[in-house]
Amino acid sequence: MTHVDSIARTGFVHLLPEPTRVLLEACGSLSDWDAFSASWNRLPHDGYMADGGRYRRRRHATFAVSRDGHAERRPHQPHYQSRDYNPLNGGVVRWFEPVEEDVGAGATMSAVLGFCAQAFDALAPAEVATWHVEVHQFRIEPAGDLAGNPTPEGRHQDGVDYVLVLMVRRHNIESGTTTLHSVDGRDLGSFTLQQPLDAVLIDDARVTHGVTPVRALDPEEPAYRDVLVVTFRRA
């Protein structure tokens with residue numbers, strides 16, 4: 001069964017690093033992976049956390065992606081979710097600092113967008129000619145004995161068609177377990193994205209998802225969870 005078949009059957013697929021690498025390299029190159037992952041060290045704090053938390057950093061970008069995988073970056077724009085999808089931080093027009101130009105135009109990002117387009121095109125009606133795509137770089141930083149919450153809004157949908165969550169790096173943390181449920185509340189599974197290129201692809205209309213809080217293994221040392229989240233919505 002292919003990853004596309006798994007999404008069609010269950011609403012999601014969890015991919016381990018090596019299969020993810022193969023699929024990404026079939027759509028491009030990971031030649032700038034080191035620079036790509038290092039860019040998470042330059043994320044500014046998310047200033048819109050309604051819980052007052054200082055544990056999240058992020059950048060954001062939007063693209064138009066055609067069915068052949070061609071991606072065109074759009075002028076920088078805000079991110080918006082209704083409170084129906086994000087009861088904590090929704091209902092607010094949120095302007096985040098943009099994904100750095102060389103990261104957004106780099107080989108890894110191109111491969112990621114091409115891979116997503118290939119998978120989601122196979123699941124979507126043929127009349128979808130162009131996808132509205134949002135890219136989010138997230139870093140969650142637990143500090144000392146304080147936890148960091150990857151999904152402070154709780155178990156949720158994103159209000160899009162499909163979602164990719166790609167692990168970039170985790171350091172000195174425990175937990176961060178991804179949980180998946182049907183929209184009627186049935187438990188569909190759980191797992192922890194541990195290694196770079198661990199990934200999950202989700203049919204957002206059929207599956208809700210969340211991630212448990214992370215804590216530092218050694219409270220005296222830096223701790224973080226870095227992921228790339230990519231959402232595809234019919235334009």
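Select Arg 58 and Asp 46, whose side chains meet in a salt bridge (3.4 Å, N to O); the term denotes a side-chain nitrogen of Lys or Arg within 4 Å of a carboxyl oxygen of Asp or Glu. Arg 58 lies in strand S2 and Asp 46 in the loop between H3 and S2, so the pair ties together parts that are 12 residues apart in sequence. Helices (H or I, at least four residues) and strands (E, at least two) are DSSP runs, numbered from the N terminus. Arg 58 counts as buried, at 4% relative accessibility, and Asp 46 is buried as well, with a relative accessible area of 3%. Here buried means under 20% relative accessible area, exposed means over 50%, and partly exposed lies in between (1.4 Å probe, protein chains only).

The model is predicted, so local features need pLDDT of at least 70 and side-chain atom pairs count only at pLDDT 80 or more, whereas totals for chains, interfaces and linings use all residues. Residues are numbered from 1 along each chain as its sequence is written, and side-chain values use heavy atoms, with hydrogens and water left out.

**Further salt bridges**

Next, select Glu 100 and Arg 42. Their side chains form a salt bridge at 2.8 Å, N to O. This pair links distant parts of the chain, 58 residues apart: Glu 100 is in the loop between S3 and H4, and Arg 42 is in the loop between helix H3 (33-38) and strand S2 (56-66). Glu 100 is buried, with a relative accessible area of 18%, whereas Arg 42 counts as partly exposed at 42%.

Return briefly to Arg 58 and Asp 46, where the buried Asp 46 has a relative accessible area of 3%. Then add Arg 59 to the selection of Arg 42 and Glu 100: salt bridges that share partners join these three residues into one network.

Move to helix H2 (residues 17-25) and select Glu 25 and Arg 21, which are four residues apart and therefore separated by about one helical turn. Their side chains meet in a salt bridge of 3.9 Å, N to O. Glu 25 is partly exposed at 43% relative accessibility, and Arg 21 is partly exposed with a relative accessible area of 33%. By the rule stated above, the count comes to 12 salt bridges.

**Helix H5**

Which residues does Thr 108 contact, leaving aside its neighbours within four places in sequence? Select Thr 108 in helix H5 (residues 107-123) and display its surroundings. Thr 108 is in contact (heavy atoms within 4.5 Å) with Ser 29, Leu 30, Asp 32, Trp 33 and Phe 36. At 0% relative accessibility, Thr 108 counts as buried.

Remain in helix H5 and select Phe 115. Phe 115 is buried, with a relative accessible area of 1%. Not counting residues up to four places away in sequence, Phe 115 touches His 3, Leu 15, Leu 23, Leu 24, Cys 27 and Leu 201. For a distance display, add Ser 6: Phe 115 and Ser 6 are 109 residues apart in sequence and 16 Å apart in space, C-alpha to C-alpha.

**Positive phi values**

Select Asn 172, in the loop between S5 and strand S6 (173-175). Its phi is near 60°, a positive value in a residue other than glycine. Asn 172 counts as buried at 15% relative accessibility.

Proceed to Leu 197, in the loop between strand S8 (187-192) and strand S9 (199-203). Leu 197 also has a positive phi, near 80°, and is likewise a residue other than glycine. Its relative accessible area of 2% makes Leu 197 buried.

**Surface patches**

Turn to the surface and select Tyr 80, Val 93 and Trp 95, which make a nonpolar patch of about 340 Å². Patches are made of residues with over 30% relative accessible area and no salt bridge; like charges are joined within 9 Å, and nonpolar side chains (Val, Leu, Ile, Met, Phe, Trp, Tyr) within 5 Å. Accessible areas come from the Shrake-Rupley method with a 1.4 Å probe; for residues, only the protein chains shown count as cover. Tyr 80 lies in the loop between strand S3 (71-73) and helix H4 (101-104) and counts as partly exposed, at 47% relative accessibility.

Finally, select Asp 145, Asp 218, Glu 220 and Glu 221, which form a negative surface patch. Lys and Arg count as positive and Asp and Glu as negative; His and the chain ends are not counted. The place of a charge is taken as NZ of Lys, CZ of Arg, CG of Asp or CD of Glu. Asp 145 is found in the loop between strand S4 (130-140) and strand S5 (162-171), and its relative accessibility of 64% makes Asp 145 exposed.
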